[in-house]
Amino acid sequence: MTARDWTADRESVFDRDAFTCRHCETVGDDATALRLSPVGDVPREGTVHESALVTVCADCFETLETAPATPSATAETLFHRVRETTRLQGATISDVATFASLSTSLPATLESACDDGTEVDSDAVSNYRRTRRDVLLAIAIVDAHLEELAALEPAVAPDVRPSLEAFTETATALQSRLVEAVELSETVVSALERCHGCFDSLEGQTCSTCGLEACETAAWHHPGESIAFDRLFGTINETLQDASETTDTLTDRATALATQLTAEL
Ligand SMILES: [Zn+2]
Ligand SMILES: [Zn+2]
């Protein structure tokens with residue numbers, strides 16, 4: 001990964017996240033250096049808006065930023081890594097579902113704020129931003145674990161390799177479904193003329209607060225002007241349904257691989 005030449009208000013992000021890693025909940029103190037990790041599409045230089053930054057501990061930062069080494073792939077190492085990847089991806093599925101359900105509730109939330117003539121509640125805004133950051137971080141962590149598994153493949157015993165490949169292939173397919181569900185959920189926010197990163201009002205295609213490009217909403221317009229939210233929500237649900245079906249296949253493949261590895265322990 002290339003170094004980015006960006007700046008940010010580090011202390012205020014740490015403070016917002018209560019000096020706690022948003023992935024593993026390690027609390028930073030003098031002994032534990034905290035780091036910032038960007039999520040989503042962030043500019044490669046200049047100031048990164050706090051809505052696109054998460055606090056992570058040094059270990060999680062290393063998982064995210066360091067290219068995987070190729071250690072010896074004992075059956076035991078592999079067994080633990082597959083189990084850990086499965087556990088993290090399982091948790092990510094529910095994070096994505098939570099984000100999708102939050103996003104699909106936003107049209108009603110905005111409408112009622114509009115009816116009352118009030119601004120959208122700032123708690124609702126920070127909740128949206130946090131939920132999005134957490135889900136993007138969770139996906140990035142699983143990606144990093146899958147890269148580690150892929151790096152192990154050449155070192156794996158030939159008889160185990162096909163099962164490992166089948167497992168990583170399905171886990172990667174599941175990742176794509178999850179990313180798709182997140183992007184569709186973000187599209188809901190763009191369709192509401194809000195930035196899907198910082199949630200500020202959007203005028204034009206680029207957010208003037210955080211610099212994020214709005215999601216493409218053209219596919220979701222009714223022939224007139226309004227957005228076909230029902231169709232968009234339906235597609236989000238179908239994508240989540242696909243993800244859950246992929247999970248069934250993944251469980252079978254993880255079990256097959258674990259059985260094979262256990263025999264070698
Ligand atoms: Zn951590
Ligand atoms: Zn923005």
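This passage describes the two domains of a predicted model, the contact between them, and selected helices and salt bridges.

The domain assignment divides the chain into two parts. Domain 1 covers residues 6–65, and domain 2 covers residues 75–264. Their C-alpha centres lie 20 Å apart. The contact draws 16 residues from domain 1 and 17 residues from domain 2.

The size of an interface is often given as the accessible area lost when the parts come together. Here, about 1500 Å² is buried between domain 1 and domain 2. Carbon and sulfur atoms give 66% of that area. On the domain 1 side, three residues stand out: Arg22, His23 and Ser51. Together they supply 34% of the area that domain 1 buries against domain 2. No other three residues supply more.

Charged and polar pairs also span the interface. Two salt bridges are counted between domain 1 and domain 2. A salt bridge joins glutamate 50 to arginine 129. In this pair, the closest N and O atoms are 2.7 Å apart. Two residue pairs are in polar contact across the interface, both at pLDDT 80 or more. Strand β4 (53–57) and helix α2 (58–65) each contribute at least two residues to the side of domain 1 that touches domain 2. By residue class, this side of domain 1 holds six nonpolar, five polar and five charged residues.

In the whole structure, the search finds eight salt bridges. One salt bridge is formed by arginine 87 and glutamate 84, with 3.0 Å between the closest N and O atoms. Both residues belong to helix α3 (residues 75–115). They are separated by about one helical turn because they lie three residues apart in this helix.

Helix α5 spans residues 161–191 and has 31 residues. From its first C-alpha to its last, helix α5 reaches 45 Å. This is close to the 45 Å expected at 1.5 Å a residue. Just after α5 comes glutamate 193, with a positive phi of about 60 degrees.

Methods:
Residues numbered from 1 in each chain as written. Chains lettered and ligands numbered in written order. Predicted model: local features only at pLDDT ≥ 70, side-chain atom pairs only at ≥ 80, totals over all residues. Heavy atoms only, no water. Domains from an automatic or database assignment. Contact = heavy atoms within 4.5 Å. Buried area = accessible area lost by both parts, 1.4 Å probe. Salt bridge = Lys/Arg side-chain N within 4 Å of Asp/Glu carboxyl O. Polar contact = N/O pair within 3.5 Å; in protein donor to acceptor, adjacent residues only side chain to side chain. Helix = DSSP H or I, 4+ residues; strand = E, 2+ residues; numbered from the N terminus. Nonpolar A, V, L, I, M, F, W, Y, C, P; charged D, E, K, R; others polar. Expected span 1.5 Å × (residues − 1).
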